[in-house]
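Open the model in your viewer and keep the sequence panel beside it. The stops below say what to select next and what is there.

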Amino acid sequence: MKGKVYILEDDTSICGLIKVALEMNGLSFRSFSTVKSFEEGVSEERPDVALLDIMLPDGSGLDALKFVKGKYPEVSCIMLSALSKEEDKVNGLNMGADDYIAKPFSVLELTARVNARLRDKQKPADSEQERVRATSRADGKQGQSAFARSAFNRRVGV
C-alpha cells in the first residue's frame with residue numbers, strides 16, 4: 001500500500017519520529033511547520049492523508065483542517081494534538097477530521113490509523129488484488145506490517 005502523507009507539525013522531534021515511522025512503512029511524506037506552508041503544499045499537490053497538529057506558531061491546525069476539507073474533501077485528515085480533553089476531540093471530529101489522536105501517541109497506532117485511511121481510499125478491485133498479493137508473499141506472517149516485522153527482526157537480532 002503506497003500513499004502520500006503530509007505532516008503539519010512544528011515540533012521537530014515529533015515530526016522526525018513520524019517521518020521514520022512512515023518511511024519504515026513505505027509511505028512518502030512531506031512535512032510543514034506552519035499552516036501557511038502546509039496550505040501552499042496542499043494546493044500544489046494533494047496528499048492522501050494529512051496529519052495535523054493543532055497548536056502552531058502561525059495559527060491553528062483546525063484552520064488547516066477547514067482549508068483542506070473545504071477545497072479537497074477527499075483528503076483524510078488525522079488530528080495530532082496535546083489537546084486531549086473529550087471536548088477537544090469532539091470539536092476536531094465535528095469540524096471534519098477523520099480521526100483524532102492525542103499526544104503522547106503510539107507510533108504503531110499512528111501508522112495503523114494512517115494505513116486504515118489509505119485502505120479506505122483504495123478501490124474495491126485494488127483491495128482484492130492487494131489482499132491476494134499480500135497473502136501469497138506473507139510467508140506465514142499475515143497481519144504484520146513491514147514496520148512491525150522490522151522492529152521484531154531488530155529486537156531478536158535477525
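**Whole chain**

The chain contains seven helices and seven strands, where helices (H or I, at least four residues) and strands (E, at least two) are DSSP runs numbered from the N terminus. In sequence order the pattern is β-α-β-α-β-β-β-α-β-α-β-α-α-α. This is a predicted model, in which local features need pLDDT of at least 70 and side-chain atom pairs count only at pLDDT 80 or more, while totals for chains, interfaces and linings use all residues. Residues are numbered from 1 along each chain as its sequence is written, and side-chain values use heavy atoms, with hydrogens and water left out.

Colour by accessibility: 37% of the 158 residues count as buried. Buried means under 20% relative accessible area, exposed over 50%, and partly exposed in between (1.4 Å probe, protein chains only). Of the contacts between residues at least 6 apart in sequence, 65% join residues at least 24 apart; a contact means heavy atoms within 4.5 Å.

**Strand β3 and its partners**

Select β3, residues 49-53. Five of its five residues are buried. In a regular strand the side chains alternate between the two faces of the sheet. Here Val 49, Leu 51 and Asp 53 point one way, and Ala 50 and Leu 52 point the other.

Add β1, which runs parallel to β3 and is joined to it by four bridges; strands pair if DSSP finds at least two bridges between them. Val 5 stands opposite Val 49 of β3. Then add β6, also parallel to β3, with five bridges between the two. Cys 77 in β6 is the bridge partner of Ala 50.

**The cores**

Next, select Leu 8, Phe 38, Leu 52 and Met 79. These touch the most other members of the largest nonpolar core, which has 21 residues. A nonpolar core is a set of buried Ala, Val, Leu, Ile, Met, Phe, Trp, Tyr and Cys residues joined through side-chain atoms within 4.5 Å. At least two residues of this core come from each of β1 (4-8), α2 (35-44), β3 (49-53), α3 (61-71) and β6 (76-81). The largest share, five residues, is supplied by α3.

Centre on Leu 52. Beyond its neighbours within four places in sequence, its contacts include Leu 8, Phe 38, Ala 64, Leu 65 and Met 79. A second, separate core has 15 residues, among them Ile 7, Ile 18, Leu 51 and Leu 118.

**Aromatic rings**

Show the rings of Tyr 6, Phe 32 and Phe 38, which form one aromatic cluster. Rings of Phe, Tyr and Trp (its six-membered ring) pair if their centres lie within 6.5 Å; planes under 30 degrees apart count as stacked, over 60 as edge-to-face and the rest as tilted. Phe 32 and Phe 38 are edge-to-face, 5.7 Å centre to centre with 85° between the planes. Phe 32 is buried at 7% relative accessible area, and Phe 38 is buried at 0%.

**Helix α5 and the loop before it**

Select residues 107-121, helix α5. Which of its residues are buried? They are Val 107, Leu 110, Thr 111, Val 114, Asn 115 and Leu 118. Seen down the axis, these buried residues fall within an arc of 130°, so they line one face of the helix; the arc is that of the directions from the helix axis to the C-beta atoms.

Finish at Pro 104, in the loop between β7 (99-102) and α5. Pro 104 is exposed, with 80% relative accessibility. Its C-alpha lies 9.0 Å from that of Leu 80, and the two residues are 24 apart in sequence.

Note on methods:
Expected span 1.5 Å × (residues − 1).
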